[in-house]
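Please open the structure in a viewer and keep the selection panel at hand. The stops below are meant to be taken in order.

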Amino acid sequence: MGIKISRRKFLQTASLAAAALPLSRLARAAEPGLVKKPVAAPGSFTGTETRYGGMCEMCFWRCQLTGKVRDGRLVKLEGNPKSLENGSSICARGNAGIQLLYDPDRLKYPLKNVGERGAPKWKRISWAEALDEAAERLKVIQKKHGPHSVALFPHGASAFYPLQYFEFTGTPNISEASFYQCRGVRDMAYMSTFGFAPNEDVDMANAKVIFLVGTHLGENVHVSHLKQYLKGLENGAKLVVLDPRFSAAASKADIWVPIKPGTDTAFLQAVMKRLLDTGKYDQEFVAKSCTGFDQFKEAMAHATPEWAAKTCDVPKAQLLQVADLLGANLPNVAVHPGRHTTWYGNDFQRSRAQACLTALLGAYAVPGGLIRPKGVKLGAASWGHGVFAQDCDLSKFWPFHPPGTPTDAIRETTLTAKPYPIKAWIAWGQNPIQTIPDQARTIAALKKVDFVMVTDIMPMDITMYADILLPEKTYLERYDYVKTGMQWDPAAKPQQFVAARMPLVEPLFEGRDSVWIVNELAKRLGHGDKIPVASIEEHVDKRLAPAGLSIAKLKALEGIFTQDGVSPYAPAGKREFEFDTESGKVELFSEQIDSNDFAGSPAYVPTAEVPAGYARLVYGRSPVHSFSRTQNNIWLHHEMPENPLWINDRVAAKAGLKDGDRITMVNQDGVKSRNSTVLKVTPGIRPDTVYLAHGYGSMNPELTVGKDQGIDDQSLITLFGIDRETGATGMRTSFVKVVKDGRTLEMMV
Amino acid sequence: MSEAVANQLLADVYRFLGRSLAYPDPAWLAAGHLVALAELLAELGWDEASRELQSLPAAPAVLLEALCIEHTRLFINAFPATVAPPYGSVHLPGGGMLNTAFTAKTRAFYRRYGFELANGADLADYLPLELEFLARLGEGGEEAAREEFLAECFRPWFGGFLARVRAGAELPFYRIVVELIDFFTKEEEEDGY
Amino acid sequence: MKQYGMIIDLEKCIGCHACAVACKAEWEVPADQGRNWVQRLGPETTADGLASTYYPGLCNHCDQPACVPVCPADPVKMEFKDPKSGAVKVMEVAATWKDPFDGTVQIDKNRCLGCGACAEACPYGARYVNPNLGEEGKADKCSFCVERTALGLAPACVQTCLAGARIFGDLNDPDSEVARYVKRGAIRLESDAVKIGPNVRYYGKKRDLALLVASCAPKSMPQASLRRIWLARMFKPVVKGVKKETLFDLFG
């Protein structure tokens, strides 16, 4: 544009009073507070205020934090020294929380998509407009198709309240990735065996043997859990790791079993048979506290070491060595229940086998065993139970399904409208594009429904499909979760704690907390009179009340209340326990499972073999990421910018591939990876398997840092299993070939 | 025109331009904001910009919708990418983060001249806040401070922001406003042109 | 006299990178740089079997630091004081030096010219130029968090380490934990060509240490560019001895 007169000239001559609109956002302060800034960074410990009450949500472990705040700006997060769990330590992700808080790509205001799903055109709207529109569209759908036509995909602490609300409105179609694509299988298997969900409450710190079935501690980082693991190792615990890959845990192991993927249950059966054959099991515990021993023993009878060695492709001697090591150290054996356990669609039986092995070793309520930590009793404040219309429960085909409805059932019902239409999808802190396999079907379902609403704090692959996109406060700006538990080392002086998440800084932009959002929606949907709490603060106070606590009291206690606790160990010699199962005993054989036409004692169900020329795609965790959630974090990105594909060195040599090569992949259905990654050639993985960390390769270009970095394993998982007992999604069932310079290479030795 | 009047005029311009970057609402349109902008362009002789401004939709509702979408796309969240978040720290080399030490430095500058962020105000290096601060300095006759602020806290990032708005704007409105901000904040050339 | 040092216990380290990120926050290190770092090594075959470990690296605060003598800043007399004994020592130092009482290598950011010669000279790549400091950037590196330890705080990386794999202390104190690790065989990361007395040491399984040394010990001493040093001397703000005219003598 042509500039005709200079600024000076303009200022000298022009008169423009009409254009000046007064708008004062700055108020005079009493004292200027400025000192000359030194050249060097001052360090987080100078000129900062320490704020207590933070609780991490970079993952679900929820370490307790303090924040170093300089002039309202959070400059550093540290572990709360008062924490009985993490103490002053936090992991890389915890340390990087600041980069989430101050990420320029954050969702800042309610947005309406005036473009298309998948290629959104965003328009900032007010909260009132957003809530009015969301409520109106949900109301129409609920009225026409029933409340069960709304599906919810929740995740994280802030999603509890929305989950309860939508259940209250009458939809069973709620699917948590943390259950159906993660730990649901394990929880249900242990429920069927021990009568409780195990979490990861296994006393590694005081074990003589730690037995990890695929669990890759070290790549899988949760602070207090890793402290337990490392203390166990320091105390001389033997570490046994089953993993097709020389994982972080395998590199610390006394015995690494490079097992053929999918055969773990066969291995566990053979171990249990060996213990039975040699009498090296806790006979007293089994006699007094278990049921179904005879049927169990019969079910294990076929599992000879020869059969298992062949099935699992491991040396027989190694299998026996593992069994004998476990037997020699009973009951102080930590059989880790795992966490992400949805692998092949045969996983309920494997988790059952882990639970039965735990029982056989008598490894319950003893040092090193499965324990039940006791925290402080907390209160509740929730929406009442929902009433579901008859026959709308899609989960009935999976009698041992975890709470909610199997994800795939919701997606297929959405696509087919059978047995009834599902017309609205709501994602609350979950990214179903990357949690559910076969992304094309997920996207088809998202495009088919009448309404998509997403609540999150960052753009995610799912947010591209929202009609209404709502910003939440980050975990550093809000109240929500209340946590209780005990000291990290079960053998230490028994203590209990209560901590509540409290904001460390003033919120930025227009993020809101989930209680506020849900209440506002509820009012508009005619449930205003049923609202259980007026605010998140009231919710937290109600949770705290039975412990004699409140937000105010916890604040005075630097965020954490502690008191004397209860040892998780039973009195020495006690071998008789009552469990919350049908029989009141540990069920080595379950009548309930058997009567549903499944194997009543752990059975090995083979998974499909790897087709010639392919390798099985196996995925796991990166220690610096919580899957796709943290991909845009610039500090974490710097630590591990992409997810190298691990490939066996002999397979690579045969295919002409070298360490550091840039590659893509194609799967058995011809689906290609969207992005490329770097190849890691190593002897530390089986030839039939390739591996990468999950969560990379986000497709949403709104992620300035994280988009297209590394390969999204989920984009290649189009062949997947559905666990017959639980409906959970088995995802280590797809096969790939590596592609380099346009050439698709055979994966063979 | 006296120096004081010139300062006041410049302050009004800064305020006006800052207000132009606020999220558009009907009241703002009704208050004749676009007319004032057109007057300013006419005074400056920015004919092409004036013509571009004329090309905006005339119907208030249509115009408002278009400006809302453009504002969101440029400054808030957008697919495939937010064009230019209006926060200084984001545009510095090695930036990519909100609320950095640079933001703190900006805030400290405000304080040095007796200003504090009001309750609920955005981050200190939010462009409209900086314009407001420049206005306040001008009104207070703190011309040297205004120049120092521009040199230390404003120009280091504004060029990057300007380039992104120039490249990414679809409607002329915000591009013109940002060009005007550039015009009124860049270093005066010696020859008085 | 003390010699501060750090032990990295690779038996404990789980490669979580918390140390690297905590340091970033503590010292406002640019996102694409690091005062310390973690690299994953292996799995690779070693003489003692398959090995996989980590290289958590940082400034070694060497006995004969390569970075100190190359600093082109004008030397000044600087007084050092031993906080314990009260002893005082005056040394002539450029903008970086090795502290005579605690053995750490430090930088005076006010006098640093930001030329990067020290970063070039370090065989461990432990220094970088932080463009956000000063007008033209300043050299930066791990200070062993002496600013924190002076207040009784642990170094930021040590504090956050969930594994207790980073142990900080005085190597000259035979009763210190770090000295005990040295007795138990903690090694220096060095090679025949590079032996400048690094005071970060690594402890671990034989196979892991073999992998660490094979992949990460520096193979040669880098040379700081003389041109860079000259240029820095030309353009530094207040120069004693060398005047601006010299620029033309040299390059004109």
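Two residues are in contact if their C-beta atoms, placed from the backbone, lie within 7 Å. Helices (H or I, at least four residues) and strands (E, at least two) are DSSP runs, numbered from the N terminus. The model is a predicted one, in which local features need pLDDT of at least 70 and side-chain atom pairs count only at pLDDT 80 or more, while totals for chains, interfaces and linings use all residues. Residues are numbered from 1 along each chain as its sequence is written, and chains are lettered from A and ligands numbered from 1 in the order in which they are written.

**Stop 1: helix 7 of chain B**

Select residues 127-139 of chain B, which form helix 7. The end C-alpha atoms of this 13-residue helix are 19 Å apart, which agrees with the 18 Å it should span at 1.5 Å a residue (the expected span is 1.5 Å times one less than the number of residues). Helix 7 of chain B is largely enclosed by the rest of the structure, because 12 of its 13 residues are buried. A residue is buried if 20 or more other C-beta atoms lie within 10 Å of its own, exposed if 12 or fewer, and partly exposed in between; the C-beta atoms are placed from the backbone. Among the buried residues are Leu127(B), Phe133(B) and Arg136(B). Past the helix comes Gly141(B), with a positive phi near 75°.

Now add helix 1 of chain B, residues 3-20. The axes of helix 1 and helix 7 of chain B are 8 Å apart and the packing angle is about 165°. Axes are lines fitted to C-alpha atoms, for helices over the stretch in contact, and angles run from 0 to 180 degrees between N-to-C directions. The two helices of chain B, 1 and 7, are therefore roughly antiparallel to each other (angles under 35 degrees count as roughly parallel, over 145 as roughly antiparallel, 65 to 115 as roughly perpendicular and the rest as oblique). On the helix 1 side of chain B, the contact includes Asn7(B), Leu10(B), Tyr14(B) and Gly18(B); on the helix 7 side, it includes Pro128(B), Leu131(B), Ala135(B) and Glu139(B). The residues of this contact between helix 1 and helix 7 of chain B divide into 8 nonpolar, 4 polar and 3 charged. Here Ala, Val, Leu, Ile, Met, Phe, Trp, Tyr, Cys and Pro count as nonpolar, Asp, Glu, Lys and Arg as charged, and the others, Gly among them, as polar.

Swap helix 1 for helix 8 of chain B, residues 143-168. The axes of helix 7 and helix 8 of chain B come within 9 Å and cross at roughly 160°. That makes helix 7 of chain B roughly antiparallel to helix 8 of chain B. Phe133(B) and Leu137(B) are among the helix 7 residues that meet helix 8 of chain B, where Ala145(B) and Phe149(B) are among the partners.

**Stop 2: helix 5 of chain B**

Select residues 60-76 of chain B. Helix 5 of chain B has 17 residues and reaches 22 Å between its first and last C-alpha, close to the expected 24 Å. Its buried residues include Leu67(B), His71(B) and Phe75(B). What covers the buried part of helix 5 of chain B includes strand 5 (111-113) and strand 6 (122-124) of chain A.

**Stop 3: where chain C touches chain A**

Show chains A and C together. Here 38 residues of chain C are in contact with 35 residues of chain A. Helix 1 of chain C gives the largest share of the chain C side, 8 residues. That side divides into 18 nonpolar, 10 polar and 10 charged residues. In the loop between strand 1 and helix 1 of chain C is His17(C), a residue other than glycine with a positive phi near 70°. His17(C) counts as buried, with 30 C-beta neighbours inside 10 Å.

**Stop 4: loops of chain A**

Which residues of chain A are joined by a cis peptide bond with omega of about 5°? They are Lys418(A) and Pro419(A). Pro419(A) sits in the loop between helix 14 and strand 13 of chain A. Ala417(A) is in the loop between helix 14 and strand 13 of chain A, and is partly exposed, with 13 other C-beta atoms within 10 Å.

Another cis peptide bond, with omega about 0°, joins Leu330(A) and Pro331(A). Finish at Asp438(A), which has a positive phi of about 60° although it is not a glycine. Asp438(A) is buried, with 20 other C-beta atoms within 10 Å.
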